[in-house]
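I opened this notebook to record what I looked up in one chain. The entries follow the order in which I took up each topic.

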Amino acid sequence: MNKILVILTGGTIGSIADTNDVRDITETSPYVLLQEYEKNYDNLGYSFDTFQPFTTLSENLTLDNIHVLLRAIEDIDYSKYDGIIITHGTDT
């Protein structure tokens with residue numbers, strides 16, 4: 001089984017649309033992507049650990065957010081994973 005670390009930071013890919021089709025981030029919305037993957041492709045031999053250092057839309061991303069992300073990446077034990085995915089939006 002391949003082990004992948006997914007770092008969720010929000011952005012468009014981690015947002016959901018409300019009833020007025022306005023995109024927003026919630027504490028759980030970034031996980032929708034993985035839930036869809038597991039529902040449709042769970043038999044491909046991948047397991048996921050997740051980490052969410054912050055949650056923000058791309059247009060609200062700040063240099064402080066980038067520093068938080070960099071510190072988080074420095075603390076990863078890369079030997080535990082076959083790959084790492086960082087999700088964010090299309091505006092960055």
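**Entry 1. Aromatic rings**

I looked first for aromatic pairs and found that the structure holds two. I counted rings of Phe, Tyr and Trp (its six-membered ring) as a pair if their centres lie within 6.5 Å; planes under 30 degrees apart are stacked, over 60 edge-to-face and the rest tilted. The rings of Y37 and Y41 have centres 5.6 Å apart and planes at 35 degrees, so I entered this pair as tilted.

I then placed the two tyrosines: Y37 and Y41 both lie in helix α1 (residues 32–41), four residues apart, about one turn of the helix. Helices (H or I, at least four residues) and strands (E, at least two) are DSSP runs, numbered from the N terminus. Y37 is partly exposed at a relative accessible area of 21%, and Y41 is partly exposed at 45%. For these classes, buried means under 20% relative accessible area, exposed over 50%, and partly exposed in between (1.4 Å probe, protein chains only).

The other pair is Y37 with F48, which is edge-to-face, with 5.2 Å from centre to centre and 85 degrees between the planes. Y37 lies in helix α1 and F48 in strand β4 (residues 46–51), so this pair ties together parts that are eleven residues apart in sequence. I recorded Y37, Y41 and F48 as one aromatic cluster.

**Entry 2. Basis of the values**

I note that this is a predicted model, in which local features need pLDDT of at least 70 and side-chain atom pairs count only at pLDDT 80 or more, while totals for chains, interfaces and linings use all residues. Residues are numbered from 1 along each chain as its sequence is written, and side-chain values use heavy atoms, with hydrogens and water left out.

**Entry 3. The chain as a whole**

I found two helices and five strands in the chain. From the N terminus on, the order of elements is β-β-β-α-β-α-β. The C-alpha atoms fill a box of roughly 40 × 35 × 20 Å along the principal axes.

Of the 92 residues in the chain, 32% are buried. Among contacts with a separation of 6 or more, 70% join residues 24 or more positions apart; a contact means heavy atoms within 4.5 Å. The chain exposes about 6100 Å², of which carbon and sulfur atoms supply 51%. The area comes from the Shrake-Rupley method with a 1.4 Å probe.

**Entry 4. Core and strand β5**

Which residues make up the largest nonpolar core? I listed six: L5, I7, F54, L69, I76 and Y81. Such a core is a set of buried Ala, Val, Leu, Ile, Met, Phe, Trp, Tyr and Cys residues joined through side-chain atoms within 4.5 Å. In soluble globular proteins, nonpolar side chains tend to be buried together.

I followed I7 further; leaving aside neighbours within four places in sequence, I7 is in contact with residues including F51, P53, L69, I76 and T87. T87 is in strand β5 (residues 83–87) and is buried, with a relative accessible area of 7%. Not counting residues up to four places away in sequence, T87 touches V6, I7, L8, T9, G10, I13 and L33.

**Entry 5. Three further positions**

Is G10 buried or exposed? G10 counts as buried, because its relative accessibility is 0%. G10 lies in the loop between β1 (2–8) and β2 (16–17). The C-alpha atoms of G10 and T56 are separated by 5.0 Å, although the two are 46 residues apart along the chain. Beyond neighbours within four places in sequence, the contacts of G10 include I25, F54, T56, T87 and H88.

I next took R23, which is in strand β3 (residues 23–24). R23 is partly exposed, with a relative accessible area of 41%. Not counting residues up to four places away in sequence, R23 touches T12, S15, I16, A17 and L57. The C-alpha atoms of R23 and G11, twelve residues apart along the chain, are separated by 9.6 Å.

Last, I looked up D42, which is found in the loop between α1 and β4. D42 counts as exposed, because its relative accessibility is 52%. The C-alpha atoms of D42 and I66, 24 residues apart along the chain, are separated by 31 Å.
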